[in-house]
Amino acid sequence: MSMTVQPQPDRPDPNVIAAQNDAFRKLACLGVPPAQPIQGRMHVTRSLMEAGDGFMAEAVKATGEFTTFEQDNDPEGWHDFGAVEIRGETVFWKIDLYEADSDFRYGAETPDNPATTMRVLTIMMARDW
């Protein structure tokens, strides 16, 4: 079953946010520059850093290449969460959107505006959840 999220006049367009989140993920994880500037940073958990033997690099690359968005893992259509399997371990990634000048205290008021939105991509072992 597939469901299309329709933009509403008082809500940002989920397709715009999804495209920006995808572009940021590809920049942060794969070094692919976006068509327009996108502010953000990437964090990985300690257990992912300590996994050793190139595990973190594989997880970051898989996060950047992720394209399997479905209603179950992307109900808002924002492309802001995913899970990848690395060597039999599940790795989660999540993008949170903050107001750019809020020191990560407030959610983005206009999440489809890359000039005022700061993205934070967190990559973690599922067991850290």
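Helices, counted here as runs of at least four residues in the DSSP assignment, are numbered from the N terminus, and this numbering gives the name H1 to the helix that spans residues 14-30. The model described here is a predicted one.

**Helix H1 and its ends**

Just after H1 comes glycine 31, whose phi is positive, near 75°. At the other end, where H1 starts, a side-chain oxygen of aspartate 13 reaches to within 2.8 Å of the backbone nitrogen of asparagine 15. The length of the helix can be checked by a short calculation: at 1.5 Å a residue, the 17 residues of H1 should span 24 Å, and the C-alpha atoms at its ends are 23 Å apart, which agrees.

Several residues of H1 are buried, among them Pro14, Ile17, Ala18, Phe24 and Cys29. Polar and charged names also occur in that buried group, including Gln20, Asn21, Asp22 and Arg25. What covers the buried residues of H1 includes strand S1 (39-44), H3, S3 and strand S4 (117-125).

**Salt bridges**

The structure holds eight salt bridges, and three of them are set out in the table below, with the distance between the N and O atoms.

| Nitrogen side | Oxygen side | N to O distance |
|---|---|---|
| Arginine 11 | Glutamate 76 | 3.2 Å |
| Arginine 87 | Aspartate 53 | 3.6 Å |
| Lysine 94 | Aspartate 96 | 3.6 Å |

What does the salt bridge between arginine 11 and glutamate 76 tie together? Arginine 11 lies in the segment before H1, while glutamate 76 lies in the loop between helix H3 (55-65) and strand S2 (81-86), so the pair ties together parts that are 65 residues apart in sequence. Arginine 11 counts as partly exposed, at 43% relative accessibility, and glutamate 76 is also partly exposed, with a relative accessible area of 41%.

The salt bridge of arginine 87 with aspartate 53 can be read in a similar way. Arginine 87 sits in the loop between S2 and strand S3 (89-99), and aspartate 53 in the loop between helix H2 (46-49) and H3, so this pair ties together parts that are 34 residues apart in sequence. Here arginine 87 is partly exposed at 46% relative accessibility, whereas aspartate 53 is exposed at 70%. These two residues also belong to a network of salt bridges that links Asp53, Glu58 and Arg87.

In the remaining pair of the table, lysine 94 forms a salt bridge with aspartate 96. Lysine 94 counts as partly exposed at 22% relative accessibility, a value that can be set against the limit for a buried residue, which is under 20%. Aspartate 96 is partly exposed, with a relative accessible area of 28%.

Notes
Residues numbered from 1 in each chain as written. Predicted model: local features only at pLDDT ≥ 70, side-chain atom pairs only at ≥ 80, totals over all residues. Heavy atoms only, no water. Salt bridge = Lys/Arg side-chain N within 4 Å of Asp/Glu carboxyl O. Helix = DSSP H or I, 4+ residues; strand = E, 2+ residues; numbered from the N terminus. Buried < 20%, exposed > 50% of the residue type's maximum accessible area, 1.4 Å probe, protein only. Expected span 1.5 Å × (residues − 1). Contact = heavy atoms within 4.5 Å. Polar contact = N/O pair within 3.5 Å; in protein donor to acceptor, adjacent residues only side chain to side chain.
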